[in-house]
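Work through the exercises below with the model open. Try each task before reading its solution.

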Amino acid sequence: MGKRLWLLLVVLVLGYGATMAIGFKGEKPKSGEGDVKQEWFLLPNSESVIKTDAGEMRVVRSHGGRIFEKLLHIGFIKMEPRTLFLPLYLDSNLILFIHAEESQRLHIICSIDPSESLNMGTFQPFFIGGGTYPTSVLAGFGSETLSTAFNVSASKVSGILRKQQEGPIVYLTHSHGSSIWTKFLLLEQQDRLKHVKRMVQERTEEEKEWSWWKLLPNIFGIQDSNKKHKAPKSYNIYQKSPDFKNNYGWRTEVDGSEYKPLKNAGIGIFLVNLTAGSMLAPHLNPRATEYSIVLRGSGRVQVVYPNGTLAMDTYVKEGDMFWVPRYFPFCQIASKSEPFKFLGFTTSSHKNRPQFLVGANSLLHTLNNLELADAFGVSKKRIRRLINAQHESIILPSSSLTDDDDKKNKVFAF
């Protein structure tokens, strides 16, 4: 009886495996074709997702189905000499492999991991540079908001954001002989490795806490048997010093490394207080979705779609709740008559690390001025003056600049 039962279990397991293989595309193989169609193991032809005179990106989409552990698409990028792929961020992880640089023509093969994507397609690009084609995500905030954020007049901002219309891959118009990327590509392989190792060694202490060594106990199931399980104590977020504070407000975050119950729940928490008229600069969350509730005062919330159009621009008051999807650019602006205080939860217990698009610490400052100028289709001098006009970071003051004020102020003259 025992042997029969064992044989029955084996048959059931094998039958389940065959069912998974056959049901992968929801169809049965025809008689005489074998248990599994060989074509199922061949990936389809690549599809063009971006194409201009300056270059092209093609993608091979991974099959979907129950037998796949996770999807992984393959991308192929070809760029002509002296071209630029406009600055952008994605909702998917990319690993790039430089396949060839024939006659300065760049060939890149990349993996596209959509495991944490927005499920809006193969991958969703959010272009930082751009104009009418493609549209920069900055354009979605509108001229009034961007005028305040950049600390320049609305006409100056719109003049830059509407200039580029050559597509996602463009020909360079400026001299890029001194760009960091160019210098990196000219290094020998060993020198490249040394450069990358030096960058890794210069990580901040905050980044070091992500060390793989700290994951080993969890991976191998190692637990400290001497630890006693106690009920968690409460945490007073008001007793924590703000992670950021200036004359225009403050921001505090609590993650799983600071309060263990948050780590167990996979949730983070934050508290923001903006003075009247101030703004939490346009930014995005690469790690989590945010859910917020207004505790005091009132303000304005703007959210931008991936294509650079406005998704929401609305006023909220005490008791109102709102949410912002992961990767979507957004900002919060306090009413001019009262402060704006709100509490929020994130869908990750790790440090959120929001990425700011405007301000003294913005992503624009990390990009090479020459590449950024080509991305917006303007001069290097013009783009440098735009991003340097705002001296504050993260929480910005209100601005009453007009075109006439701008003309009188040489610091902001373009």
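**Exercise 1. Place Ala360 and find what surrounds it in this predicted model.**

Step 1. Locate the residue. Ala360 sits in the loop between β19 (355-356) and α9 (369-376).

Step 2. Classify its exposure. The relative accessible area of Ala360 is 35%. Buried means under 20% and exposed means over 50%. Ala360 is therefore partly exposed.

Step 3. List its contacts, leaving out residues up to four places away in sequence. Ala360 touches His365, Gln390, His391, Glu392 and Ser393.

Step 4. Compare sequence and space for one of these partners. Ser393 is 33 residues from Ala360 in sequence. Their C-alpha atoms are 4.8 Å apart.

**Exercise 2. Describe the largest cavity and its lining.**

Step 1. Count. There is one cavity of 30 Å³ or more.

Step 2. Give the volume. The largest cavity has about 70 Å³.

Step 3. Name the lining. It consists of Arg251, Glu253, Val254, Asp255, Gly268, Ile269, Phe270, Thr346, Ser348, His350 and Asn352.

Step 4. Assign the lining to strands. β11 (249-254) and β12 (268-274) each supply at least two residues.

Step 5. Sort by class. The lining has three nonpolar, five polar and three charged residues.

**Exercise 3. Which residues of helix α2 are buried, and which elements do they pack against?**

Step 1. Set the limits. Helix α2 covers residues 142-150.

Step 2. Pick out the buried positions. They are Thr145, Leu146, Ser147, Thr148, Ala149 and Phe150.

Step 3. Find the helical partners. The buried residues of α2 pack against elements including α3 (154-161) and α10 (380-388).

Step 4. Add the strands. Among the packing partners of these buried residues are β13 (279-284), β14 (290-304), β17 (330-334) and β20 (395-396).

Step 5. Look just past the helix. Asn151 follows α2 and has a positive phi, near 65 degrees.

**Exercise 4. How do strands β6 and β7 pair?**

Step 1. Find the direction. β6 (residues 93-102) and β7 (residues 105-113) are antiparallel.

Step 2. Count the bridges. The pairing runs over nine bridges.

Step 3. Check one pair. Asn93 is bridged to Asp113 in β7.

Step 4. Inspect the turn. The two strands form a hairpin with two residues between them. Ser103, in that turn, has a positive phi of about 50 degrees.

**Exercise 5. How many disulfides are there, and are Cys110 and Cys331 buried or exposed?**

Step 1. Recall the bond. A disulfide links the sulfur atoms of two cysteines covalently.

Step 2. Search the whole structure. The result is zero disulfides.

Step 3. Apply the burial cut-off, under 20%. Cys110 has a relative accessible area of 2%, so Cys110 is buried. Cys331 has 0%, so Cys331 is buried too.

**Exercise 6. Examine the backbone at Pro134, Arg82 and Arg353.**

Step 1. Recall the usual case. Most residues other than glycine have a negative phi, and most peptide bonds are trans.

Step 2. Check the proline. The bond from Tyr133 to Pro134 is cis, with omega near -10 degrees. Pro134 lies in the loop between β8 (125-127) and α2.

Step 3. Check Arg82. Its phi is positive, near 55 degrees. Arg82 belongs to the loop between β3 (73-79) and β4 (83-85).

Step 4. Check Arg353. Its phi is positive, near 50 degrees. Arg353 lies in the loop between β18 (340-346) and β19. Its relative accessibility is 24%, so Arg353 counts as partly exposed.

Terms used:
Residues numbered from 1 in each chain as written. Predicted model: local features only at pLDDT ≥ 70, side-chain atom pairs only at ≥ 80, totals over all residues. Heavy atoms only, no water. 1 Å grid on protein atoms, 1.4 Å probe; cavity = no way out; pocket = protein on both sides within 12 Å on 5 of 7 lines; lining within 4 Å. Points joined across faces, edges and corners; volume = space filled by probe spheres on them. Helix = DSSP H or I, 4+ residues; strand = E, 2+ residues; numbered from the N terminus. Nonpolar A, V, L, I, M, F, W, Y, C, P; charged D, E, K, R; others polar. Buried < 20%, exposed > 50% of the residue type's maximum accessible area, 1.4 Å probe, protein only. Contact = heavy atoms within 4.5 Å. Pairing = 2+ DSSP bridges. Disulfide = S-S within 2.5 Å.
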